[in-house]
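Me: I would like a close look at one part of this model, with an account of the parts that surround the question. Please define each term when it is first used.

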Amino acid sequence: MLWIALTLPDLPLQAITRAASESGPLAVTGPRARLLSANAAAQALGVRAGTSVTDALAAAPQLELRQCDPALEHEALNTLAIMACRFTPSVSLQAPDTVLIEVLSCLKLFGNVRTIIRQATEACQELGLDVVHAAAPTPLAAHWLANYAPGLVVEPRPGWQAVLDKLPVQALACGAQVAESVIDLITGVGIDTIGRLQALPREGLARRQARSVLDTLARAHGHTPDPRRWFTLPARFSVHITLPAPTQDVEPLLFACDRLFTDLATWLKAGHAATDQCMLHLEHERHPASKFEIIAAAPTQDKRRWLTIARERLAVTTLAAPVEILRLEAEGTLKIQQASADLFGDPTQDDEAADHLLERLRARFGAQSVHALRTWPDHRPEKAWRCAEPGTDYPTLPGKRPLWLLPQPRPLQSVEAFRIEAGPERIETGWWDGEEVHRDYYVARAPDASRLWIFRDLRTSRDWFVHGYFG
């Protein structure tokens, strides 16, 4: 077997800052009024993790403090696991900050383990997550190496266990049930590395209540099985992001939307699915949430299309209050079959361009303002059409009829200057609904060379009217 460990260092800080493009000095506080982590701007001012809030504010009065958010941390870890499902179904969560994936069975698909690591790291950057990684033949060894020797890739060869000998004994606490008191006992007798610990008599460790150490070493070195609970891709997508500061500005909101849509695209790609709609919630402190239904013209995995729609919607919307939290939800996906690229170009490119235009128009003017036309079985021109969903094929208009009809027929003073090109087409119908018509329609050329659709009313005084124009 070959396992890759992806670890999120400073997860409390990453879970909060991934929604912002930039920020000033920021630190995350935990229990007992102590700092869990601090960003680079805060560290430049002398703020370090583990210090008290009082000392941190004394060193940097402008420091912004945020309380750690376990829910955001859990979502960030789940997002990392969903991304890993793009490479293999063998994904396991190792709380609180690590995802383990078994990749031996899919190496032929990607070439080698380093290719998988490179692609996974690039995908994490798009998600706004910084990871450290390592690979080893056992999940526990990969976890230890990611924390104490990041970047190391150990192939499953005889004697590979020797790379663990130089690791500190504190690695026993990573992903294993080894109590801190046991680790303190081991370091208290001068044992500081896994190699020296391995050299101790097993009976002596067992007598000193270190049975958990023996079990952990056996699993890490591959001498005993280490079964894992597999991560299951959620059937419904729901992710939220808390903004560093409430805002109504479009650009910070779009940056956070980009993160959410990237998460959605990752979830869809992991499940080989696509969707044409999702719901964006903008939550305010003292006002009901603003809801935006993001509807694409066709099911897609492309986050850029959703972001374009969100940009158009936000540009024409006045928010009731500053936004604190953004939430994105989606369900009702459609399974898709991945296709290889075409040698002579993508034959669906023109259709996608039309879909993009339709999405932007609907986002700007509203879905009810953009529609297609379809024919209707009625000879009366004003009743021979209906609004329809764009992109659906419908029968063409019968005969020589224009697409541009006037809302109401317009009277003509005279038709002597017109040149009749076709007609008459007699329409006598509508007796059943009280809107009976008796007309003779003609295609006529006006003096200015425009082509008109005109008719003569046979029911009254035989007056002439123009009813439409040809392009």
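Which residues are linked with Arg 445 in a network of salt bridges?

Reply: The structure is a predicted model, in which local features need pLDDT of at least 70 and side-chain atom pairs count only at pLDDT 80 or more, while totals for chains, interfaces and linings use all residues. Residues are numbered from 1 along each chain as its sequence is written, and side-chain values use heavy atoms, with hydrogens and water left out.

Arg 445 is linked in a network of salt bridges with Arg 419, Glu 421 and Arg 451. A salt bridge here is a side-chain nitrogen of Lys or Arg within 4 Å of a carboxyl oxygen of Asp or Glu. Within the network, Arg 445 and Glu 421 form a salt bridge in which the closest N and O atoms are 2.9 Å apart. Arg 445 belongs to strand β17 and Glu 421 to strand β16 (residues 419-429), so their pairing ties together parts that are 24 residues apart in sequence. Strands (E, at least two residues) and helices (H or I, at least four) are DSSP runs, numbered from the N terminus. Arg 445 has a relative accessible area of 24% and is therefore partly exposed; Glu 421, at 32%, is partly exposed as well. In these terms, buried means under 20% relative accessible area, exposed means over 50%, and partly exposed lies in between (1.4 Å probe, protein chains only).

Strand β17 (437-445) is followed by a loop that leads to β18 (451-457), and Ala 449 is found in that loop. Phi of Ala 449 is near 75 degrees, a positive value in a residue other than glycine. Most residues other than glycine have a negative phi, and most peptide bonds are trans. At 47% relative accessibility, Ala 449 counts as partly exposed. Strand β18 also holds Asp 457, which counts as buried because its relative accessibility is 10%. Leaving aside residues up to four places away in sequence, Asp 457 touches His 438, Arg 462, Asp 463 and Phe 465, contact being taken as heavy atoms within 4.5 Å.

Salt bridges also occur elsewhere: the count by this rule comes to 15. One of them joins Glu 329 to Arg 236, with the closest N and O atoms 3.1 Å apart. This pair links distant parts of the chain, since Glu 329 is in strand β11 (residues 323-330) and Arg 236 is in the loop between α11 and β8 (237-247), 93 residues apart. Arg 236 also meets Glu 331 in a salt bridge (3.6 Å, N to O). Here again distant parts are linked: Glu 331 is in the loop between β11 and β12 (334-335), 95 residues from Arg 236. Arg 236 counts as partly exposed at 40% relative accessibility, and Glu 331 is partly exposed at 48%.

For context, another part of the model contains an open sheet of four strands in the order β5-β6-β1-β7, with antiparallel pairing. The strands β5 (91-94) and β7 (132-136) stand at the edges with a single partner each, so one side of each is left without a neighbour in the sheet. The twist averages 20 degrees from one strand to the next. Two strands count as paired if DSSP finds at least two bridges between them; β5 and β6 (residues 98-102) pair in the antiparallel sense over four bridges. In this pairing, Ser 92 stands opposite Leu 100 in β6. The loop between β5 and β6 contains Pro 96, and the peptide bond from Ala 95 to Pro 96 is cis, with omega near 5 degrees.

Two helices lie across this sheet. Helix α4 (residues 70-84) crosses β1 (3-7), β5 and β6, running at about 15 degrees to β6. Helix α7 (residues 139-148) lies across β1, β5, β6 and β7, at about 145 degrees to β7. Axes are lines fitted to C-alpha atoms, for helices over the stretch in contact, and angles run from 0 to 180 degrees between N-to-C directions. Eight of the ten residues of α7 are buried, so this helix is largely enclosed by the rest of the structure. Among the buried residues of α7 are His 143 and Trp 144. The buried residues of α7 pack against β1, β5, β6, β7, α9 (194-199) and α11 (211-220).
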